[in-house]
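Hi there,

Here is the structure I promised to pass on to you. Have a look at it first, and then read on for what turned up.

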Amino acid sequence: MTFDPAKVPGQDSAVWGQHCKDRALEALVKEDWRGVYDWTKSWVGWGGGAWLPDTWLLYAASALLHGQPRSAVHSLDLGLGTWLEGRADRAVLSWCRGCVVWTRLNDPKTALLAFELAVAAPPPWLAAEIDGKIQRCSEAALASRKRVASVKPSPDFTGFKHVGHTVAPPSIVRADGDEPVVWTAVSGYFTA
């Protein structure tokens with residue numbers, strides 16, 4: 001399937017993306033996991049959201065609301081493996097992945113692997129949180145009796161060349177590592 005701009009509601013991806021973001025955030029406030037998921041999916045496909053960390057964070061928050069932490073990790077992995085090539089954006093998703101694995105899957109050893117990727121290029125707005133939490137996770141990993149990883153390691157970035165044509169092109173200009181506009185709304189889901 002190839003993206004067809006004529007099928008975008010209102011035929012303006014940027015306007016539709018803003019609408020989808022607003023509806024997803026409204027659903028998040030209501031703790032409506034399905035609403036968050038559906039509006040985020042529309043933002044990814046028709047509103048240019050595939051290229052933003054915001055959508056992958058919202059997908060993960062939706063999965064956590066639904067009680068599915070492994071699906072949350074999978075959502076973050078989609079952003080990491082296919083859509084986000086910027087080092088700082090990838091650090092944000094890796095950080096959130098580590099938080100979910102540690103706190104929701106009770107697997108601090110595997111969480112440390114994601115945290116290691118996050119410390120490689122953290123954006124300044126996230127950097128202050130990292131050191132203390134990694135130290136606490138390291139201590140928890142030493143005490144952990146878990147022997148089998150809860151999830152596979154983070155995927156390497158393979159790129160979007162094979163799927164980029166299936167979604168709306170980017171419609172928001174932002175720099176790698178800019179704080180996601182949804183961060184304030186979703187950050188509590190990734191508290192470690």
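Let me begin with a pocket, the second largest one. Its lining is made up of eight nonpolar residues, one polar residue and four charged ones. This pocket holds about 210 Å³ of space. There are 13 residues lining the second largest pocket, and those closest to its centre are Trp51, Trp83, Leu84, Asp89 and Arg174. Please keep in mind that this is a predicted model.

Now for the largest pocket. Its space comes to about 410 Å³. It is lined by 22 residues, with Tyr37, Lys41, Trp56, Tyr59 and Leu78 closest to the centre. Three helices give two or more residues each to this lining: α2 (33-46), α3 (53-65) and α4 (69-83). By type, the lining of the largest pocket has twelve nonpolar residues, nine polar and one charged.

Stepping back to the whole chain, the protein has eight helices and zero strands. Its C-alpha trace spans about 55 × 35 × 30 Å along the principal axes. For 192 residues, a compact globule would have a radius of gyration near 16 Å, and the protein agrees with this because its own value is 16 Å. Buried residues account for 51% of the 192. Of the contacts between residues at least 6 apart in sequence, 72% join residues at least 24 apart.

One helix you may like to look at is α5, which covers residues 87-103. How far apart should the ends of this helix be? At 1.5 Å a residue, its 17 residues should span 24 Å, and the end C-alpha atoms are indeed 24 Å apart, so the two values agree. Helix α5 is also mostly covered, with 15 of its 17 residues buried.

Finally, a residue to click on: glycine 79, which sits in helix α4. Is glycine 79 buried or exposed? Its relative accessibility is 0%, so glycine 79 counts as buried. Leaving aside residues up to four places away in sequence, glycine 79 touches Trp56, Leu84, Arg90 and Leu93. Two of these names have come up already: Trp56 is among the residues closest to the centre of the largest pocket, and Leu84 is among those closest to the centre of the second largest. Glycine 79 also lies 8.3 Å from leucine 52, C-alpha to C-alpha, although 27 residues separate the two in sequence.

Enjoy exploring it!

Best wishes

Notes: Residues numbered from 1 in each chain as written. Predicted model: local features only at pLDDT ≥ 70, side-chain atom pairs only at ≥ 80, totals over all residues. Heavy atoms only, no water. 1 Å grid on protein atoms, 1.4 Å probe; cavity = no way out; pocket = protein on both sides within 12 Å on 5 of 7 lines; lining within 4 Å. Points joined across faces, edges and corners; volume = space filled by probe spheres on them. Helix = DSSP H or I, 4+ residues; strand = E, 2+ residues; numbered from the N terminus. Nonpolar A, V, L, I, M, F, W, Y, C, P; charged D, E, K, R; others polar. Expected span 1.5 Å × (residues − 1). Buried < 20%, exposed > 50% of the residue type's maximum accessible area, 1.4 Å probe, protein only. Rg over C-alpha atoms; globule rule 2.2 N^0.38 Å. Contact = heavy atoms within 4.5 Å.
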